[in-house]
Amino acid sequence: MRLPFRPLCLLALTSMLAAPALACDRGRVFEDRNGNGLQDAGEPGLAGIRVSDGRRIVDTGTDGRYAGLDGRRAVVFVIKPATYTLARDGALPRFWRPAGTRGADCAFALQPEGDAAAALDLLVFADPQAGREAEVDYYARSVVARAREVPATLGLTLGDIGNDVPGLYPAINRATAQLDVPWLHLPGNHDLDFEAGNDPASTASYRAVYGPETYAWEDARASVLMLDNVIYQPGVRPSYVGGLRDDQFAFVEAYLAGAPTDRLLIVGAHIPWFDTAADGAPETVRSTDRARLFALLQRFPEVLLLSGHRHTQRHVLHGPERGWHGATPLHEYNVGAASGAFWSGAQDASGIPAATMADGTPHGFASLRVEAGSAYRLDWHPARRDDDDPSTTGAMALHAPRVLRRGAYPAWGVYANVFMGRADTRVEYRVGDGDWRPMRRVDRADPRLVMENVRDDTTSALRGLDRSPEADLSTHLWRGALPTDLPLGTHGIEVRVFDPWHGERRASTAYRLDAWPED
């Protein structure tokens with residue numbers, strides 16, 4: 001906080017008179033009925049509001065005052081209650097105060113939210129990862145522009161806001177602010193200060209802009225627990241690992257002890273809670289920390305984990321083998337990246353790279369709708385789409401050969417990359433007006449991205465700043481064999497997916513059967 005100029009003697013006297021305990025160790029929370037940020041006559045203090053320094057949580061008294069926090073060394077923040085909201089700076093809610101804040105600035109102004117809507121609509125971004133001004137522009141013109149078409153009342157970014165360039169945070173925030181909803185953030189491994197000597201110090205640049213790294217936010221339909229689970233390990237390889245520190249667990253334990261159990265609990269993090277290490281490599285998330293967290297979550301009837309980091313997309317159901325012992329498996333949605341494959345690939349007509357992820361998922365963002373009774377619906381939204389191409393929709397992308405020889409052995413097939421597909425997703429196809437037949441999920445690379453890799457390999461000039469990623473195995477790819485015993489000519493292919501959240505969805509393509517001249 002910048003102090004106004006004062007004579008040195010007066011400044012010294014002020015410092016002696018201002019007890020260190022006033023640095024947001026105490027403060028007040030009030031109802032800001034006129035929205036001016038000041039506690040005016042007739043605006044009461046609010047009792048029972050939780051305020052935290054990231055380790056402790058205290059409740060405000062009947063006069064709205066709180067005390068007992070360490071505001072000298074830690075960010076102090078209010079846990080937004082379900083019936084109130086806060087003013088924003090652009091997209092950033094004013095729910096926190098920097099370490100060392102004093103006096104009147106330790107007050108939090110809450111505004112009555114009014115009647116809750118029937119559903120809570122969230123936009124979920126993972127890994128925007130803009131490291132250049134051009135990439136901020138890509139983010140604004142593709143991801144943000146597309147998100148403006150999707151209803152939302154709250155937004156989440158699950159880390160890697162930037163790509164090791166904190167100086168771009170203001171530009172990224174200006175782009176996100178176009179969506180005009182409160183936006184909550186988490187740090188990722190590309191938001192760390194790697195010159196720091198320890199993990200808490202590694203998020204100083206992040207904290208200066210976004211405030212606390214681990215915190216909670218409540219709505220009438222869901223509670224949101226945001227966890228910075230990137231543990232920086234200076235001087236060690238790898239330089240970070242997934243997990244939580246003891247002070248973070250202290251906050252999580254204190255928060256969950258009083259968190260409502262009658263609504264969905266959303267837990268956001270950057271690093272996935274499932275291990276992705278190759279055989280023999282160190283674990284990517286500390287299994288002991290995961291088990292400890294899962295034990296704390298177990299008393300909540302409905303929990304959804306959201307994570308990012310991988311720049312691919314998948315759903316994981318946790319069970320006893322990963323420390324979850326609930327009545328039903330614990331659902332984790334590992335959200336695809338807004339930056340896709342790090343803003344790589346050939347550019348389109350507007351100059352934006354393809355950014356297709358290694359599993360064939362187009363770059364974009366997710367939406368989450370939470371309805372009464374903790375029911376939720378997830379969806380994926382490609383940042384760019386061709387509405388004139390029926391083979392590529394918001395739900396899936398199809399690949400099929402253009403032409404096959406009539407009578408050939410039927411060794412070729414149609415592939416459907418179902419972006420939100422899970423192991424139990426029902427996917428069917430038919431050729432022409434034939435019967436619907438099941439497609440088989442396969443652990444293969446998406447042929448569309450394989451073709452892009454070949455284009456990059458065979459071109460005589462660079463097609464973009466960085467190539468598209470090498471196609472990797474997709475967890476949501478289905479295949480169906482194409483018949484070759486049909487009449488000569490073009491045959492339509494239709495694929496339908498039975499989405500558990502949005503019902504039946506379809507896409508279509510075609511192939512042609514020709515005769516070989518010697519036949």
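What is the mean pLDDT of the protein chain, and what share of its residues reach 70 or more? The notes below start there.

1. **Confidence.** This is a predicted model. The mean pLDDT of the protein chain is 93. Of its residues, 96% reach 70 or more.

2. **The N-terminal stretch.** Residues 1-21 are another matter. Their pLDDT stays under 50 throughout. The model gives this stretch 10 contacts beyond four places in sequence. Where pLDDT is low, predicted coordinates should not be read in detail. Please treat those contacts accordingly.

3. **An open sheet.** Five strands make up an open sheet, and their pairing is mixed. The order is E25-E32-E31-E27-E28. Strand E25 (403-405) and strand E28 (437-438) are the edges, each pairing on one side only.

4. **Pairing of E31 and E32.** Strand E31 covers residues 489-499 and strand E32 covers residues 503-514. The two run antiparallel and are joined by 11 bridges. A hairpin of three residues connects E31 to E32. Two facing pairs help to fix the register by eye. Threonine 490 is opposite arginine 512 of E32. Isoleucine 493 has threonine 509 of E32 as its bridge partner.

5. **Pairing of E27 and E31.** Strand E27 (residues 426-431) also runs antiparallel to E31, with six bridges between them. Here arginine 426 stands opposite phenylalanine 498 of E31. In a regular strand, side chains alternate between the two faces of the sheet. Keep that in mind when tracing neighbours along a strand.

6. **Histidine 476.** This residue lies in the loop between helix H7 (447-458) and strand E30 (477-481). Is histidine 476 buried or exposed? Its relative accessible area is 0%, so histidine 476 is buried. The side chain of histidine 476 makes a polar contact of 3.0 Å with that of aspartate 359. Beyond four places in sequence, histidine 476 touches Gln313, Asp359, Thr361, Ala416, Asn417, Val418, Phe419 and Gly421. Methionine 420 is 56 residues away from histidine 476 in sequence, yet their C-alpha atoms are 7.3 Å apart.

7. **Histidine 331.** Look next at strand E21, which holds histidine 331. Why does histidine 331 count as buried? Its relative accessibility is 5%, and the cut-off for buried is under 20%. A polar contact of 2.9 Å joins its side chain to that of histidine 315. Histidine 331 has further neighbours beyond four places in sequence, including Tyr376, Arg422 and Trp501.

8. **Aromatic pairs.** How many aromatic pairs are there? The count is 15. One of them is phenylalanine 294 with tryptophan 324: the ring centres are 6.0 Å apart and the planes stand at 90°, so the pair is edge-to-face. The pair links distant parts of the chain, 30 residues apart. Phenylalanine 294 belongs to helix H6 (residues 287-297), while tryptophan 324 is in the loop between strand E20 (314-318) and strand E21 (330-334). Both phenylalanine 294 and tryptophan 324 are buried. Elsewhere, ring pairs connect Phe77, Phe95, Tyr215, Trp217, Phe251 and Tyr255 in a cluster.

9. **Charges over rings.** Two arginines deserve a look. The charged end of arginine 292 sits over the ring of phenylalanine 249, at 3.9 Å from the ring centre. The charged end of arginine 496 sits over the ring of tryptophan 436, at 4.1 Å from the ring centre. Arginine 496 falls within strand E31, which spans residues 489-499.

Conventions. Residues are numbered from 1 along each chain as its sequence is written. This is a predicted model: local features need pLDDT of at least 70, side-chain atom pairs count only at pLDDT 80 or more; totals for chains, interfaces and linings use all residues. Side-chain values use heavy atoms; hydrogens and water are left out. Two strands pair if DSSP finds at least two bridges between them. Helices (H or I, at least four residues) and strands (E, at least two) are DSSP runs, numbered from the N terminus. pLDDT is the predictor's confidence in each residue, from 0 to 100. Contact means heavy atoms within 4.5 Å. Buried means under 20% relative accessible area, exposed over 50%, partly exposed in between (1.4 Å probe, protein chains only). A polar contact is a pair of N or O atoms within 3.5 Å; within protein, one must be able to donate a hydrogen and the other to accept it, and residues adjacent in sequence count only if both atoms are side-chain atoms. Rings of Phe, Tyr and Trp (its six-membered ring) pair if their centres lie within 6.5 Å; planes under 30 degrees apart count as stacked, over 60 as edge-to-face and the rest as tilted. A charge sits over a ring if NZ of Lys or CZ of Arg is within 6 Å of the ring centre and within 35 degrees of the ring normal.
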